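Work through these exercises with the model open beside you. Try each task before reading its solution.

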Amino acid sequence: AVVPTGVTPPPILDPEGRLALRRAVGMDDGRPACLSVGRLAREKDPALLLRAFRRILDRLPESRLTLVGDGDERTRLARLAESLDVRSRLRFVGAVPQDRVGDYTRAADLFLFASTSETQGLAALEALAAGLPVVAVASAAADDLLRDEQAGLICSATPDALAAAAIAVWESPERRRAMAEAARRIASRYAVDVSAGTLL
């Protein structure tokens, strides 16, 4: 039997609390705040993420992308960001304590997940637990979490497809709200007490 890693859903913020949190983590109010969390390693395909973000900016020039995590690809990614002319809209946060990652997921508007090498996709699951819609490239982990696309979208592993899916979610506020509610419902199936009970 497969017992998934459990997650603890964070408290839901009211609008004032969320605004304060956005400011605390450096996300400007009123601008689409995209987020990705994970090691900056080749197998996570962060380069695909940056190329998709270039296309997102062509349609939504006020967008910002925050990358939480560090790794041996960071220098190469910084150069790629310069060549794509996205560096001014991109922020490398680096590694942060695990108990602070949730601050970023609760503050962001959209979670972008480019890795196809995950077995569970814990970062995406933690985003769902925070009520954050997820746009992910097709993978076994994405299919487990988003197969019905109620809480996000699954797309092919190309910059154009990832960007188009992200733009489609952002441009439909009602859809985003419905996805946020579905995200919390899906994450509740992976709550710590559920996983612990299954294990016992």
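Is Cys-34 buried or exposed? At 4% relative accessibility, Cys-34 counts as buried. Buried means under 20% relative accessible area, exposed over 50%, and partly exposed in between, with a 1.4 Å probe and protein chains only.

This is a predicted model, in which local features need pLDDT of at least 70 and side-chain atom pairs count only at pLDDT 80 or more, while totals for chains, interfaces and linings use all residues. Residues are numbered from 1 along each chain as its sequence is written, and side-chain values use heavy atoms, leaving out hydrogens and water.

**Exercise 1. Find how many disulfides the structure has, then place Cys-34 and Cys-155.**

Step one: set the cut-off. A disulfide is a pair of cysteine sulfur atoms within 2.5 Å.

Step two: search. The whole structure yields zero disulfides.

Step three: check the cysteines. For Cys-34, the nearest cysteine sulfur belongs to Cys-155, 13 Å away. Cys-155 is in no disulfide either, and its nearest cysteine sulfur is that of Cys-34.

Step four: look at exposure. Cys-155 is buried, at a relative accessible area of 9%.

**Exercise 2. Decide how far helix 5 is enclosed, and name what covers its buried residues.**

Step one: fix the elements. Helices (H or I, at least four residues) and strands (E, at least two) are DSSP runs, numbered from the N terminus. Helix 5 spans residues 122-129.

Step two: count. Six of the eight residues of helix 5 are buried, so the helix is largely enclosed by the rest of the structure.

Step three: name them. The buried residues are Ala-123, Ala-124, Leu-125, Ala-127, Leu-128 and Ala-129.

Step four: find the cover. Contact means heavy atoms within 4.5 Å. The elements covering the buried residues of helix 5 include strand 1 (33-37), helix 4 (98-107) and strand 4 (110-113). Strand 5, helix 6 and helix 8 are also among them.

Step five: go just past the helix. There, Gly-131 takes a positive phi of about 80 degrees.

**Exercise 3. Classify the packing of helix 5 against helix 8.**

Step one: get the geometry. Axes are lines fitted to C-alpha atoms, for helices over the stretch in contact, and angles run from 0 to 180 degrees between N-to-C directions. Helix 5 and helix 8 (residues 173-188) pack at about 120 degrees, with axes 7 Å apart.

Step two: classify. Angles under 35 degrees count as roughly parallel, over 145 as roughly antiparallel, 65 to 115 as roughly perpendicular and the rest as oblique. Helix 5 is therefore oblique to helix 8.

Step three: list the contact. Helix 5 supplies Leu-125, Leu-128 and Ala-129, while helix 8 supplies Ala-183, Arg-184, Ile-186 and Ala-187.

Step four: sort by class. Ala, Val, Leu, Ile, Met, Phe, Trp, Tyr, Cys and Pro count as nonpolar, Asp, Glu, Lys and Arg as charged, and the others, Gly among them, as polar. This contact of helix 5 with helix 8 has six nonpolar, no polar and one charged.

**Exercise 4. Do the same for helix 7 and its contacts with helix 2 and helix 8.**

Step one: take helix 2 (residues 46-59). Its axis comes within 8 Å of that of helix 7 (residues 159-170), and the two cross at roughly 50 degrees. Helix 2 and helix 7 are therefore oblique to each other.

Step two: sort that contact. It has nine nonpolar, no polar and four charged residues.

Step three: turn to helix 8. Helix 7 and helix 8 pack at about 95 degrees, with axes 6 Å apart. They are therefore roughly perpendicular to each other.

Step four: list the partners. Ala-168, Val-169 and Trp-170 of helix 7 meet Pro-173, Arg-175, Arg-176 and Met-179 of helix 8. By class, these are five nonpolar, no polar and two charged.

**Exercise 5. Locate Asp-85 and Glu-149, and give the phi of each.**

Step one: recall the background. Most residues other than glycine have a negative phi.

Step two: take Asp-85. Its phi is positive, near 60 degrees. Asp-85 sits in the loop between helix 3 (74-84) and strand 3 (90-94). At 59% relative accessibility, Asp-85 is exposed.

Step three: take Glu-149. Its phi is also positive, near 55 degrees. Glu-149 lies in the loop between helix 6 and strand 6 (152-155). Its relative accessible area of 32% makes Glu-149 partly exposed.
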